[in-house]
Structure formats: C-alpha cells, structure tokens
Amino acid sequence: MFVVVSLGNLSFLSENIKRFAQTYAIRRIKDAFRENKNITDSEKIEELLNKAKANLQVIERQVC
C-alpha cells in the first residue's frame with residue numbers, strides 16, 4: 001500500500017513539474033518576443049526563428 005501511495009504522489013509531483021515547465025516556457029516566449037520586437041534585419045530574424053524552433057523541440061520533449 002505504501003508503494004501505491006508513493007507512486008500517486010510522484011504522479012502529482014510530475015503534473016506540477018509539467019505545469020511549472022509550461023508556465024516557464026510561455027513566459028520565456030513572451031519575453032523573447034518583447035525583447036526582439038524591433039529587429040528588422042532579416043538575417044537576425046531568421047537566426048532567432050531557428051533558435052526558437054530548436055527551443056520548441058526541447059520544450060516538447062520535456063513537457064509532453
């Protein structure tokens with residue numbers, strides 16, 4: 001019985017960690033858009049988009 005309760009708590013912690021990771025990711029995305037909203041150089045924009053795509057893949061692996 002102790003093992004079942006312990007596993008249940010781990011599940012709860014796991015959900016909290018996922019929720020925290022999602023909140024953190026959303027906050028970082030919003031911050032990045034605010035920081036880079038005035039960039040007009042197409043090469044810099046392309047670089048930032050590639051970085052964002054790589055970060056998205058990391059986030060998807062961690063959260064999903």
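1. A salt bridge here is a side-chain nitrogen of Lys or Arg within 4 Å of a carboxyl oxygen of Asp or Glu. With that in hand, here is a good place to begin reading this predicted model: R28, D31 and R34 are joined to one another in a network of salt bridges. A search of the whole structure turns up 3 salt bridges, and the points below go through them before turning to the pocket and the annotated domain.

2. A word on confidence before the details. The protein chain has an average pLDDT of 79, and 77% of the residues score at least 70. Residues 1–5 are a stretch to read with that in mind: their pLDDT is below 50, and beyond near neighbours in sequence the stretch makes 0 contacts in the model.

3. Now to the network, starting with R28. The side chains of R28 and D31 come together in a salt bridge, with 4.0 Å from N to O. How far apart are R28 and D31 in helix α1? They are 3 residues apart, so about one helical turn separates them; the helix itself covers residues 2–35. R28 has a relative accessibility of 37% and therefore counts as partly exposed. D31 also falls in the partly exposed class, because its relative accessibility is 26%.

4. D31 has a second partner. Its side chain meets that of R34 in a salt bridge, at 3.4 Å from N to O. D31 and R34 both sit in helix α1, again 3 residues apart, or about one turn of the helix. Is R34 buried or exposed? R34 is exposed, because its relative accessible area is 54% and the cut-off for exposed is over 50%. Taken together, the two pairs give the linked set of R28, D31 and R34.

5. The other helix has a pair of its own. K44 forms a salt bridge with E47, and their closest N and O atoms are 3.7 Å apart. These two residues are 3 apart in helix α2, which runs over residues 42–63, so about one helical turn lies between K44 and E47. K44 is partly exposed, with a relative accessible area of 32%. E47 is partly exposed as well, with a relative accessible area of 48%.

6. Next, the largest pocket. The space in it comes to about 770 Å³. Its lining is made up of 23 residues, and those nearest the centre are R28, I29, A32, A52 and N55. R28 is thus worth a second look, as it appears both beside the pocket centre and in the salt-bridge network.

7. Which helix gives the most to the lining of the largest pocket? That is α2, with 12 residues. Both α1 and α2 take part, each supplying at least two residues of the lining.

8. I29 and A52 are a handy pair for seeing how the two helices meet around the pocket. I29 is placed in helix α1, while A52 lies in helix α2. Along the chain I29 and A52 are 23 residues apart, and their C-alpha atoms are separated by 8.4 Å. I29 is partly exposed, its relative accessible area being 42%. A52 is likewise partly exposed, with a relative accessible area of 40%.

9. Finally, the annotation. An unreviewed UniProt entry carries the feature "domain: Complex 1 LYR protein" over residues 21–57. In the model, this span is 84% helix and 0% strand, and its end C-alpha atoms lie 14 Å apart.

Note on methods:
Residues are numbered from 1 along each chain as its sequence is written. This is a predicted model: local features need pLDDT of at least 70, side-chain atom pairs count only at pLDDT 80 or more; totals for chains, interfaces and linings use all residues. Side-chain values use heavy atoms; hydrogens and water are left out. UniProt positions are given in the numbering used here, feature names are shortened, and annotations may be inferred rather than shown by experiment. Helices (H or I, at least four residues) and strands (E, at least two) are DSSP runs, numbered from the N terminus. pLDDT is the predictor's confidence in each residue, from 0 to 100. Contact means heavy atoms within 4.5 Å. Buried means under 20% relative accessible area, exposed over 50%, partly exposed in between (1.4 Å probe, protein chains only). On a 1 Å grid over the protein atoms alone, a cavity is a set of points where a 1.4 Å probe fits but cannot get out, and a pocket is an open set with protein on both sides within 12 Å along at least five of seven lines; lining residues have an atom within 4 Å of a point. Grid points are joined across faces, edges and corners, and a volume is the space filled by probe spheres set on the points.
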